[in-house]
Amino acid sequence: MTKQEIEPLLVEHLSKSFRGVRRVEDVSFSVGAGRITGLLGPNGAGKTTTIRMLLGLIAADTGEALVFGKPFRNLSDPTRVVGAVLDAGGLHPGRTARQHLRIAAAQGSHAAARVEEVLTIVGMSADADRRIRDYSLGMRQRVAIAAAILGDPKILVLDEPANGLDPAGIYWLKQYLRSFADHGGSVLLSSHILADVEQIADDIVAVADGQVRSATTLAEALAASEGDLEDFYLSMISSSERTTHAAR
C-alpha cells in the first residue's frame, strides 16, 4: 500500500493566497490511525486555512489534502468518515440543541436515536431544550462537538475545540479525545494552547507564517527541549514571532 492509501489524513504541499498575500505555503503533514496530532501555532499562523482546505471548504492554490486517499469532496458519506468543529458561533440562536442535532442527523441520514446518544456524551442532555442563544460559549462548543460525532466518524478535525470550555469541560474533552484515538480514531487538533495539547497529543505539527516549522512526535519534541514543549515550539518560530509571543 502507498502512504496515500493508509494514512487517514494526508496533507501534501498545500499553499493558499488571499488577495496576493500568502497565508499557507507548502504545508505537508499526516495524521495516523489511533493518533492525536496537535496543529500548533499562534493566531494567524495558517492553521484554520489549512483545515478549511482539508475539508474542501476552500480550494488550495497548489497541493492536495486526502482523507483515506481521497479528497474530502469525493467521500461518499463524509459525516461517517470525518467529524469537524470549526466555529461554535455558527449555530442558529433560535434553535435548541436537540433541534439542531435532529436537523443535522436528518441531513446525514443518521438514526434519530443517535441525537440522544451524543447529547449524553457531551453532557448536554439537561439543557438540550434551551435556545442556543441562551448558551454560554462552552455550551455551544459542546453542541458543535455533538454534531461532529453524530456519524460516529473515524476522524475528528477540531479547530480550537476547548475555546470557551470551563476546566471540567476541558478535562472531559481531553478524556474523550484520548479514548477516541485509543479505539483507533484519528484526531487533528488545532490549538495555540500548548499545555492542553501536551497532555493528549501523540504528534506535533508546529506552524508559523503559514509554514510547517516542525512535524514530529511529542516524545521527540520533548526530548529535544528537556521536556518543555513551549521551549520547543518557540525554537521553531522566527525571532520576530518569538518576541511577539513572549510579550503576550
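**Pockets and salt bridges**

In this predicted model, the biggest contribution to the lining of the second largest pocket comes from strand β4, which provides four residues. Strand β4 spans residues 62-67, and it is joined by helix α2 (47-54) in giving at least two residues each to that lining. Altogether 14 residues line the second largest pocket, and those nearest its centre are Met53, Glu64, Ala65, Pro71 and Arg73. Sorted by class, the lining has 10 nonpolar residues, two polar ones and two charged ones. The volume of this second largest pocket comes out at about 220 Å³.

Next up is the largest pocket, with about 590 Å³ of space. Its lining is made up of 23 residues, and the closest to the centre are Ala84, Val85, Ala144, Ala147 and Ala148. Three elements each chip in at least two lining residues: β5 (82-85), α3 (97-107) and α5 (137-148). Of these, β5 gives the largest share, with four residues. The lining of the largest pocket counts 15 nonpolar residues, seven polar ones and just one charged one.

Now for the charged side chains. Side chains of opposite charge can pair when their charged atoms come close. The structure holds 11 salt bridges. One of them brings together the side chains of Arg35 and Asp203, with 2.8 Å from N to O. These partners sit in distant parts of the chain, 168 residues apart: Arg35 is in the loop between β2 (21-31) and β3 (36-40), while Asp203 belongs to strand β8 (residues 203-208). Arg35 counts as partly exposed, at 30% relative accessibility, whereas Asp203 is buried, with a relative accessible area of 14%.

Another salt bridge links the side chains of Arg178 and Asp182, at 3.1 Å from N to O. Here the partners are both in helix α6 (residues 167-182), and because they are four residues apart, about one helical turn separates them. Asp182 is exposed, with a relative accessible area of 54%, while Arg178 is partly exposed at 21%.

Arg178 also meets the side chain of Asp202 in a salt bridge, this time at 3.2 Å from N to O. That pair connects distant parts of the chain, 24 residues apart, with Asp202 in the loop between α7 (194-200) and β8 and Arg178 in helix α6. Asp202 is buried, its relative accessible area being 18%. Elsewhere, Arg98, Glu116 and Asp129 are joined into one network by salt bridges that share partners.

Note on methods:
Residues numbered from 1 in each chain as written. Predicted model: local features only at pLDDT ≥ 70, side-chain atom pairs only at ≥ 80, totals over all residues. Heavy atoms only, no water. 1 Å grid on protein atoms, 1.4 Å probe; cavity = no way out; pocket = protein on both sides within 12 Å on 5 of 7 lines; lining within 4 Å. Points joined across faces, edges and corners; volume = space filled by probe spheres on them. Nonpolar A, V, L, I, M, F, W, Y, C, P; charged D, E, K, R; others polar. Salt bridge = Lys/Arg side-chain N within 4 Å of Asp/Glu carboxyl O. Buried < 20%, exposed > 50% of the residue type's maximum accessible area, 1.4 Å probe, protein only.
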